[in-house]
Amino acid sequence: MERLGTGIGWRPEIADAVERMPGIDWVETVAENVCPGHLPESLVRLRERGVTVIPHGVSLGLGGAERPDAGRLAALAERVEALGAPLVTEHIAFVRAGGPLTASPRLEAGHLLPVPRTRDSLDVLCENIRIAQAALPVPLAVENIAALISWPGEEMTEGQFLYELADRTGVRLLIDVANLHTNHVNRGEDPAKALAELPLEAIAYVHVAGGFERDGVWHDSHAHPVPRPVLDILTDLASRVSPPGVLLERDENFPEPGELERELGAIRGALEKGEAERRAFTERASTERVFAEGAPSAGPSGTTPTAQAVREQRATEEREATRAHDAAPADPAVTDPTVTDPARQRLALAQAALLSALVAGTPVPEGFDRVRLGVQARALAGKRADVVAKVAPELPVILGGGYRRAFVAYTHGHPMTDGYRRDALDFAGYLLAEGRLEDARTRAELREWWLERSGPRPRSRRPGVRLARATRRVLLGR
């Protein structure tokens, strides 16, 4: 794997600062926010300087029950080519549900939601990743996500799930240590155990980000400083393997450039500490027996088995499983590529039920924590309001201080079905149709905004509208 070094997430708000920042070897940009024919000048300049730019996708939904959309894959491939990227990344998540597999309305989460760690889910995810790999011009890496909720009846730990995924598909892994911390707080999962179970040689690079805790729930905000526990997990990872690249993510509440540089310095310090532990352990291991009486030696922390020991144990299990498989008669379910269709339908029904509970107010599926689902539902509604305000910044201006309250109220009973831009139009149309606006001026401004954007092309560019406006200007002597 190509050595990337230290990087930072490129965002338009900090583009100038990133260009001036010392020690930046590479950047990552949200793929869906880049237009291949009109790259931001800042990214062009960075590329000309030899800085690697990697597109990071957020909308494929590789963990969803449906096969990846060919149009989305083609769009992602275009961005890879435009940026000259050596790698492209996405998430192990589902972002939409419903549709033909469930004979129900299609719903959009507007967020990365966790997949169940079950055999059905793994089979579907593996096939989806193979489809994506075949459509993309460069290697694919997939990221573990943060989650507020847990699926009932899971069959694997996160580390086991990722190990099998990489083993079966050859996909590379983007390990987000902040997400490991989030899942530790929210789901009680041990980051050290996850790291011990990972195929470390499959790691493409690492994400580091901040968040905050409220009422016992960790929110992966990407809008706060990186906390010490996240840096400690990074140190633990670096004590096991030298990651090819590490990147600082920040999406909101951007601090002064100096603060970002200090965070990058803390990340480098955490890496150096882990590398020192790894060197010290390697030196000890060269003079001592790694195994004593058949038990694996402790890792750098003194409590966790070494990654090498875990890999050797897994290799033994896999050889035994292969011998048993070769001795058994062929199973059509293993070789028939259509065998995942029943798995897809089972997964589709489960994901649709969960997403409907989160965004449409339907009953909570059996086995889920109702309180935690309520927290997730409120977080999704708040995120919808925030993102719509970004893609349609005129709406908060027109509606003033009542925008967020009105939008969050609108989300109850009005799930998103076709992305954030459509969501903005539907929200405005709802306010106008329901007569929710008492102020005549606000109502007129919102109506004009909605009419401008709701047709096949902007209203102001239609010949009849242009002529009417020109005539009006002449009559008024303007």
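Here a visitor asks how certain words come to be applied to this structure, and a guide answers.

Visitor: What kind of model is this, and how are its residues numbered?

Guide: This is a predicted model, in which local features need pLDDT of at least 70 and side-chain atom pairs count only at pLDDT 80 or more, while totals for chains, interfaces and linings use all residues. Residues are numbered from 1 along each chain as its sequence is written, and side-chain values use heavy atoms, with hydrogens and water left out.

Visitor: Why is C126 called buried?

Guide: Buried means under 20% relative accessible area, exposed means over 50%, and partly exposed is in between (1.4 Å probe, protein chains only). C126 has 0% relative accessibility, so C126 counts as buried, whereas C35, at 39%, counts as partly exposed. Of the 478 residues of the protein chain, 48% count as buried.

Visitor: How many disulfides are there, and what would make a pair of cysteines count as one?

Guide: The two sulfur atoms would have to lie within 2.5 Å of each other, and a search of the whole structure finds 0 disulfides.

Visitor: What makes helix α6 largely enclosed by the rest of the structure?

Guide: Helices are DSSP runs of H or I with at least four residues, and strands are runs of E with at least two, numbered from the N terminus. Helix α6 covers residues 177-187, and 9 of its 11 residues are buried, so the helix is largely enclosed by the rest of the structure. Among the buried ones are V177, L180 and R187. At the N-terminal end of α6, D176 acts as a cap, with a side-chain oxygen 2.9 Å from the backbone nitrogen of A178, and just after the helix G188 takes a positive phi of about 70°.

Visitor: How do you know that R240 and D236 form a salt bridge?

Guide: A salt bridge is a side-chain nitrogen of Lys or Arg within 4 Å of a carboxyl oxygen of Asp or Glu. The closest N and O atoms of R240 and D236 are 2.9 Å apart, and the pair therefore meets that rule. Both residues lie in helix α8 (residues 228-240), 4 residues apart, about one turn of the helix.

Visitor: Why is the pair of R453 and E394 said to tie together parts of the chain?

Guide: R453 and E394 form a salt bridge, their closest N and O atoms being 3.5 Å apart. R453 lies in helix α17 (residues 440-454) and E394 in helix α14 (residues 394-399), so the pair ties together parts that are 59 residues apart in sequence.

Notes
Polar contact = N/O pair within 3.5 Å; in protein donor to acceptor, adjacent residues only side chain to side chain.
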